[in-house]
Every structure is written in structure tokens, then in C-alpha cells.
Amino acid sequence: MTIKIETPLSDSVVSSLRAGDEVSVSGVMYIARDAAHKRLVSLIESGEALPFDPRGQIIYYAGPTPPKPGQVIGSVGPTTSGRMDPYTIPLLELGLKGMIGKGYRSAAVRKGLIEHRAVYFAAIGGAGVLAGQCMKSAKPIAYEELGPEALWRVEAEDFPAFVVYDAYGGDLYEEGTSKYRVC
Amino acid sequence: MVLCCACCGLTAALLPGQPVAIYHHLFGDGRRGAEGMDDLSEKNRKEDRQDVNGANPDWGGGFGLSCADIRHIDASEIAEAVYKLCMKVTCVLPPENIAALERAMEEEKSPQGRQALARILENHRLAGELMQPACQDTGIAVVFIELGQDVHVCGGDLNQAIDEGVRRGYSEAYLRKSVVHDPLFGRVNTKDNTPAIVHLQMVPGCSLKITVVAKGGGAENMSGLAMLTPASGVEGVRNFVVDQVRKAGPNACPPVIVGVGVGGNFETVAFLAKKALIRPVGERNPNPKYAALEEELLREINGLGIGPQGFGGSVTALAVHIEAYPCHIASLPVAVNLNCHVAPHSTVIL
């Protein structure tokens, strides 16, 4: 059964989610990947304000294709999340509650999810057209000179994702793989 | 400078700035290599006996056409062909990729895995219908050129022509520009997805074959290479390949296509693994021993339980393709290059 969730995420929503849950996300999300993260964390380190308030929010790790005429955004499936591991803890410390991407996270990030009560979701890697169709509005809000690595504010409607790492140490990748491993 | 081809003894001039001559004769038909090893020494002995200026029936009747019959291809035709390939390569996926995903849908045991596959199939169908990239990572353009030795490229620089095709194609098809000008310092986006990565091979004949691969970064990052020793044997190769896919887990967007290079040397084995990925999905190596190893590796990889998107399941890979080549008595190089399920590539022959 699909659990509908809305951003910003409350502590009670985060606490109710478990690894393996299928969710559909609606509301504002922020799109950022490698270069934008580097800039965000350097702002945090120098005590400056971020271009958005991360409290309760979800960052979606992605870099869209340019929109065709008439489109809100182009194809926008998830990118590999592990590259953002070195930048994640400072954002969790500022109240970030969710991340959507694909692939493994480091032990430090998984521990951070438990400590800061946050959750990591996976979207379907490679399904960029479907992901783009869930975005009702999209606007770059900083770092446009980075091209596909700009920071975007998007409004999603029923964006499908799976809970991979929950706030209790649950791990869909490990649970799923051990169920079907035959060697 | 004159190079001597390791596999046939043919000498070839190395032009300044054109290191491609080292590929001369290695991969021309895409099927030379270790599968022909059994008769290689006998073949070399035969060729040694030939006058290098004379016709050699083993090479298909000598050096081809006389100079008067050289075919001229204008660089602008090459730019146009690359442009057209870029326009469709990430939107219209090879039919054998889709067929492999449909088979995976039938075989997959996990409900979440089937759900992921259903979304992927729906996504890929829409991509073709809307002419929109299936995946937002439209890659760095890897361009394989098989240049007939009786072709003269005129009217411009071949590499510039390829980049011109990439520049126009990536812009007009609304593809993502994912190339930075320097890997280490600055990492400023070149904004037109150039330069492409070009692999140029000389082959007999008077045609020019272009394959564009829009190679994404996610699966590429999970690739690896090992210089094994001969004592490691088939078991060593098998362990390395399976381990590489296990470590990649969900990161490479499974179900993946596994390109494996075996033999050659350090740089050649990586090239072989990449080349293995442009073989139509599921087509077996013509050498029965390698074909059997491909099937065995596929079974073992699908037993890892990673499944579609890493959510757990019975289909982790759609295919394993191995390309092999003779190697040094001291070496057993092996490389794994992974491709996601999108695996966009497209070919044209001029």
C-alpha cells in the first residue's frame, strides 16, 4: 500500500515510516547534487545563510535535462546518493528530514538518520520521464551557472519513492537482498 | 614512427597526434581476439611467409582498393551523422534492451522488483513516444568510429566534426550537458557536452561506422579493473566480476548490463569491457567457452539477490558480455564496465 506524505515532513511522519514502505511525496522539495552541495556546506561552515531553509525539508539528488518548450522540467530521475555523503551531516544538523536518491549511504549518514530522526528514500533510477511528470512547478533558486547542478525548488505531486533507510536503522537494501540471495 | 601490429606483424605508420594506430587490426571486426587464439600462431606463421606488398588471401585479398579508388567522406557528413544519432540515442532505446526488460518482468520474483521494472518499462515507452531522454543522465558521448582504410576524411578535422555533431545534438534534443572542462581544478561545465570521448579503429573496407554511446556516470563509477596473475584463472575472473557487481549493488541502477574485458593489457582490457557493452543485449560471445562463462556469470550475479533497483530480487543483470584478447605470459587483466538498464547506444554506417 502506498503511503501519501507531504512536505515539510513532521517528526511524527518520519517516525511512522519503515524501510520498505512505498510512499508518494507531494509538496515542495529542493533539487541539489554534487556542486550545489559543496557550496551549501561551505556556506554552513562560514556561518552564512542558505538559499533555503532546510528545516523539515526533502532534498532530491538529481540534475534535470533542460525542459522542452511547454514543460515544467525535463527528465529528472535520481542520481547516486553516496557522492553527497560527505555533505549530509551538516544539513541534517540544520533540520533536513529527508533525502531522495538512489544507492547506498555511508555508515556515518545512516547513523545520522537515527540521531537526527530523518529518512532516506530511493526513487527509480533511470525513470527520468515519469519523475519529470510528477513536478508541477520548478524553478532554479541558486547556482544557475552550474547548469544541471543548479539548486532547484520544485513542487511535486505523488512522486513515487521507497523508504530505504528509516530513522531506526532499518535497511531495505540489506533486507531485500538477503531475502532473494541464493549463493 | 612505425608500429608493428602484435597480432599479424603488419607494419603501420604512426602519424603525429594519432595514437589510434595502436588499435589497428586489434578490434576491427569486433570479434577478433581470444576466440581466434587457437589458430593464431599458425595464421601468423602463414602471414610471415607472405610478401608484404602482395595479396594475402587470409586478409581478404590484399590491401583493398588502389589509391584511385579511395572513398572521400566529408567531415560535415560525419558531423551530421553524429548529430542525428545524438538526437535519438537517449530517447529511442535499442529494442533488444526493451525485450530483455520484458523477459526480466516475467522472471522477477520480488513484487517490489516487478513494480520497479513496470515503471522502467513504462518510462522507456514514454521516452520514445515523447522523444524525451529516458534518463536525465544523458552521459558523456562515447563515440566509436570504425574507419575503413580506403576512406579519406576530407573537408575538416574528424574530431572536430564529431564534437560538432555532439554539440548540436545535445542542444537540439534538450539533453543534459554533463561534461566539466577539467576533472580536478575548477570543474566548470563546458555547457555543450563536448569534448566527446572518441575511439577510432582502422578496419578494412571503404565504409565508416559510427556508434554513439551516451554513457551515464552512475554505472560508470561502479566499474573496475584488476591485473590478475595467470594462476588466478577462470575462478579469479569469475570472483572479480561477481564482486564488482555485488559492490555496485543499487548504485548502478540494476538490472545492469555487465561488460567484461579479459586479456590484452592495462588500457586494452578497459576498452574491451566498454566495447562489450555495445553488443546487442544478450547476444553471446561466438566462442562457446566464453559464451558458457557469460551464462554462468549471469546466473551467479542473479543469485546475489540485489534485484531491480537493489530492492531485492532475482534479476540483477540483464546480460553479461565478455570480450577477450591475447595477453602477455605474465598477465591476466580483467575489467568490468557496468551499464544501467537504459544503456543508450545507436549506430550508423556511412
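Here are a few exercises on this predicted model, each with a worked solution.

Residues are numbered from 1 along each chain as its sequence is written, and chains are lettered from A in the order in which they are written. Since this is a prediction, local features need pLDDT of at least 70 and side-chain atom pairs count only at pLDDT 80 or more, while totals for chains, interfaces and linings use all residues.

**Exercise 1.** Work out which strands stand at the edges of the open four-stranded sheet in chain B.

*Solution.* Start with the strand order, β8-β11-β9-β10, with mixed pairing. Strands here are DSSP runs of E with at least two residues, helices are runs of H or I with at least four, and both are numbered from the N terminus. Two strands pair if DSSP finds at least two bridges between them. Now look at the ends: β8 (224-228) and β10 (317-327) each have a single partner strand, so one side of each lacks a neighbour in the sheet. Next, zoom in on β9 (residues 256-264) and β10 of chain B, which run parallel and are joined by nine bridges. One of the pairs is B:Val260 with B:Ile322 in β10(B).

**Exercise 2.** Find which side of helix α3 (residues 95-107) of chain B is buried, and what that side packs against.

*Solution.* First, pick out the buried residues (20 or more other C-beta atoms within 10 Å of their own, with C-beta atoms placed from the backbone; 12 or fewer means exposed, and anything in between partly exposed). In α3(B) the buried ones are B:Asn97, B:Ala100, B:Leu101 and B:Ala104. They cover an arc (taken from the directions from the helix axis to the C-beta atoms) of only 100°, which puts them on the same side of α3(B). This fits a general rule: an α-helix has 3.6 residues a turn, so residues three or four places apart point the same way. Then flip to the face turned away, where the exposed B:Pro95, B:Glu102 and B:Glu106 sit. Last, see what the buried residues pack against: α4 (111-130) and β10 of chain B (contact means C-beta atoms, placed from the backbone, within 7 Å).

**Exercise 3.** Say what is unusual about the backbone at B:Cys253 and B:Pro255.

*Solution.* Begin with the norm: most residues other than glycine have a negative phi, and most peptide bonds are trans. B:Cys253 isn't a glycine, yet its phi is positive, about 60°. B:Cys253 is also buried, with 32 other C-beta atoms within 10 Å. Moving along, the peptide bond from B:Pro254 to B:Pro255 is cis, with omega near 5°. Finally, place them: B:Cys253 lies in the loop between α7 and β9 of chain B, and B:Pro255 is found in the loop between α7 (233-248) and β9 of chain B.

Methods:
Two residues are in contact if their C-beta atoms, placed from the backbone, lie within 7 Å.
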